[in-house]
Amino acid sequence: MISSPVEPINDSESLCGTVNATPITRSSSTTVEGDETQNDQQDVEKGENSIETEDDTNNSDVKDCKNVEFEKEEGKPSFRTRLCTFCHNNEILLFSMTVFCLEQACPPLRAKYHAPQITAVWCSVMLIFLHLGLGLKTNDVAKAFQRVDVNAFVQMFNFGFVSAVVFAGTRLLKAANILSSELSDGMVIASCLPMSINMVPAWTGAAGGDRPLAVINAAAGNMIGLFLSPVLILGYVGVNGDTQITDVFYKLTLKVLLPVVVGQIVQKTMPKVIALFNKYKEYFFRAQVYALMFILYNVFSETLTKELSSSLGEIFLMIAFVFLFLIFVMTAAWFAMRLFFRDYPEIRIMGLFACTNKAFLLGIPLISAVYEDSPNVGIYLLPLLVWDQMQWIIGLSLFQRLRKFLNDEKIRLKQVLLQRDERYKR
């Protein structure tokens with residue numbers, strides 16, 4: 001299941017032979033797909049870093065741009081091709097920018113032509129978590145017990161250490177009047193979320209780490225996060241105004257847990273439905289993304305109708321502090337994994353990403369469900385958007401360095417074993 005620390009790297013079996021050869025795209029790491037998870041389960045059982053999942057995802061990326069003619073001049077793709085690829089890889093960021101522009105162009109649209117308290121607050125949130133329930137494989141959660149030491153450490157670091165560090169740091173910033181209360185609370189809320197169910201395995205495989213173990217931790221983290229994240233958020237930040245905690249948990253049960261349970265029941269009892277879900281997974285994912293953007297539109301349009309409590313300068317400071325916090329916790333995760341799992345470089349790479357990653361796709365509906373009636377919910381979402389972008393910037397800069405580190409560690413561990421064998425022979 002966990003590869004030997006002295007087994008040489010086989011580039012053909014990693015998720016991306018080289019990062020430049022098969023780049024990781026945003027949509028390929030955020031999609032919760034049934035077939036992909038099944039492939040991941042096979043990887044766990046066989047103990048191999050299979051490339052089938054990435055190939056399937058890359059094929060789906062091509063299908064999304066199938067109407068674009070790949071006209072090449074002098075061996076280079078056409079401008080239209082490059083534009084389509086850029087839009088596809090950055091669709092969530094572009095959608096977020098469109099949200100602000102649409103709100104400024106037509107402010108009455110949100111309030112007049114649809115019922116946001118039903119369509120955005122309930123229907124869209126439940127659709128996203130139903131999708132999660134249909135694709136989440138609970139078998140991966142059970143397999144987490146096969147390597148309890150690693151998995152327990154990763155989950156405690158992700159939920160416990162990261163949230164505690166961000167909470168302590170933001171309280172100091174708040175006390176010094178450097179950041180507003182809303183932005184500080186938003187940073188804490190982002191730190192309480194689970195890791196991404198697809199981004200962590202994708203990045204781990206790209207860097208040559210233990211992808212099967214990343215799949216297990218991502219599935220277990222999302223299942224734990226459905227219960228633990230709201231508790232951490234309410235424990236650190238609390239609720240606003242006259243809202244009762246019992247009302248919050250009641251709504252979370254209906255909006256979050258119920259759709260996940262329904263999705264799990266369908267997954268276990270209706271194979272034909274799951275087969276249909278897997279067949280048209282691209283369209284289901286698109287529906288999930290559009291539901292997410294619809295939630296963002298309503299949240300930000302509601303926020304923009306009120307006077308913002310945070311200045312533009314504070315927002316830029318928040319971006320800088322999110323970057324610093326992420327660098328700090330990733331550094332701490334790296335040295336902690338080195339301390340406890342020194343002779344397992346693949347596990348150390350997996351831990352670097354799994355210990356600090358936060359799920360953007362799961363976080364937005366969860367935060368909007370917890371703070372449905374809060375006028376600051378839009379401000380609470382901003383740090384998560386920044387955290388997500390910083391993860392990409394830092395992660396993409398580390399792939400080549402981590403693969404070089406892995407090769408060096410393989411050589412070092414081989415030498416250690418040779419020296420040990422020589423001592424035994426003597």
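Helix 16 passes helix 19 in a right-handed crossing. The model is predicted. In it, the axes of helix 16 (residues 312-340) and helix 19 come within 9 Å and cross at roughly 40°. That angle makes helix 16 oblique to helix 19. Helix 19 (residues 377-425) also supplies the largest share of the largest nonpolar core, 16 residues.

**Helix 16 against helix 19**

- On the helix 16 side, the contacting residues include Ile315, Met318, Ile319, Val322 and Phe323.
- Further contacting residues of helix 16 are Leu326, Ile327, Met330 and Trp334.
- Helix 19 meets them with residues including Leu382, Pro383, Val386, Trp387 and Met390.
- Gln391, Ile394, Leu398, Leu402 and Phe405 also belong to the helix 19 side.

**Helix 9 against helix 17**

- The axes of helix 9 (residues 148-175) and helix 17 come within 10 Å.
- They cross at roughly 25°, and helix 9 and helix 17 are therefore roughly parallel to each other.
- The cut-off for that label is an angle under 35 degrees.
- This crossing of helix 9 and helix 17 is right-handed.
- Helix 9 contributes Val150, Val154 and Asn158 to the contact.
- Helix 17 contributes Ile347, Met350 and Ala354.

**Nonpolar core**

- The largest nonpolar core holds 97 residues.
- Seven residues touch the most other members: Phe129, Leu226, Met318, Met350, Ile364, Ile367 and Tyr371.
- Met318 is also among the helix 16 residues that meet helix 19.
- Met350 is also among the helix 17 residues that meet helix 9.
- Leu226 touches Phe129, Leu132, Val256, Leu257, Val260 and Leu362, leaving out residues up to four places away in sequence.

**Salt bridges**

- Six salt bridges turn up in a search of the whole structure.
- Glu346 pairs with Lys410, with the closest N and O atoms 2.3 Å apart.
- Glu346 lies in helix 17 (residues 345-354) and Lys410 in helix 19, so this bridge ties together parts that are 64 residues apart in sequence.
- Glu346 and Lys410 are both buried.
- Arg348 and Glu409 form another salt bridge, at 3.6 Å from N to O.
- Arg348 sits in helix 17 and Glu409 in helix 19, so this pair joins parts that are 61 residues apart in sequence.
- Arg348 and Glu409 are both buried.
- Glu409 also bridges to Arg412, at 2.9 Å from N to O.
- Glu409 and Arg412 are three residues apart in helix 19, so about one helical turn separates them.
- Glu409 is buried, with a relative accessible area of 11%.
- Arg412 is partly exposed, with a relative accessible area of 23%.
- The cut-off for buried is under 20% relative accessible area.
- A network of salt bridges links Asp343, Arg348, Glu409 and Arg412.

**Helix 10 and its cover**

- Helix 10 (residues 181-191) is mostly covered, with ten of its eleven residues buried.
- The buried residues include Glu182, Leu183, Ser184, Asp185 and Gly186.
- Met187, Val188, Ile189, Ala190 and Ser191 are buried as well.
- The cover over these residues includes helix 9, helix 12 (211-236) and helix 16.
- Helix 18 (360-370) and helix 19 are also among the covering elements.

**Two aromatic residues**

- Phe167 is in helix 9.
- Phe167 is partly exposed, with a relative accessible area of 26%.
- Beyond its neighbours within four places in sequence, Phe167 is in contact with Val188 and Tyr236.
- Val188 is one of the buried residues of helix 10.
- The C-alpha atoms of Phe167 and Ser184 are separated by 8.2 Å, with their positions 17 residues apart along the chain counted as the sequence separation.
- Tyr290 lies in helix 15 (residues 281-304).
- Tyr290 counts as partly exposed, at 45% relative accessibility.
- Tyr290 and Ser124 are 166 residues apart in sequence, yet their C-alpha atoms are 8.9 Å apart in space.

Notes: Residues are numbered from 1 along each chain as its sequence is written. This is a predicted model: local features need pLDDT of at least 70, side-chain atom pairs count only at pLDDT 80 or more; totals for chains, interfaces and linings use all residues. Side-chain values use heavy atoms; hydrogens and water are left out. A nonpolar core is a set of buried Ala, Val, Leu, Ile, Met, Phe, Trp, Tyr and Cys residues joined through side-chain atoms within 4.5 Å. Buried means under 20% relative accessible area, exposed over 50%, partly exposed in between (1.4 Å probe, protein chains only). Helices (H or I, at least four residues) and strands (E, at least two) are DSSP runs, numbered from the N terminus. Contact means heavy atoms within 4.5 Å. A salt bridge is a side-chain nitrogen of Lys or Arg within 4 Å of a carboxyl oxygen of Asp or Glu. Axes are lines fitted to C-alpha atoms, for helices over the stretch in contact, and angles run from 0 to 180 degrees between N-to-C directions. Angles under 35 degrees count as roughly parallel, over 145 as roughly antiparallel, 65 to 115 as roughly perpendicular and the rest as oblique. A crossing is left-handed if the near helix is turned anticlockwise from the far one by less than a right angle, and right-handed if clockwise.
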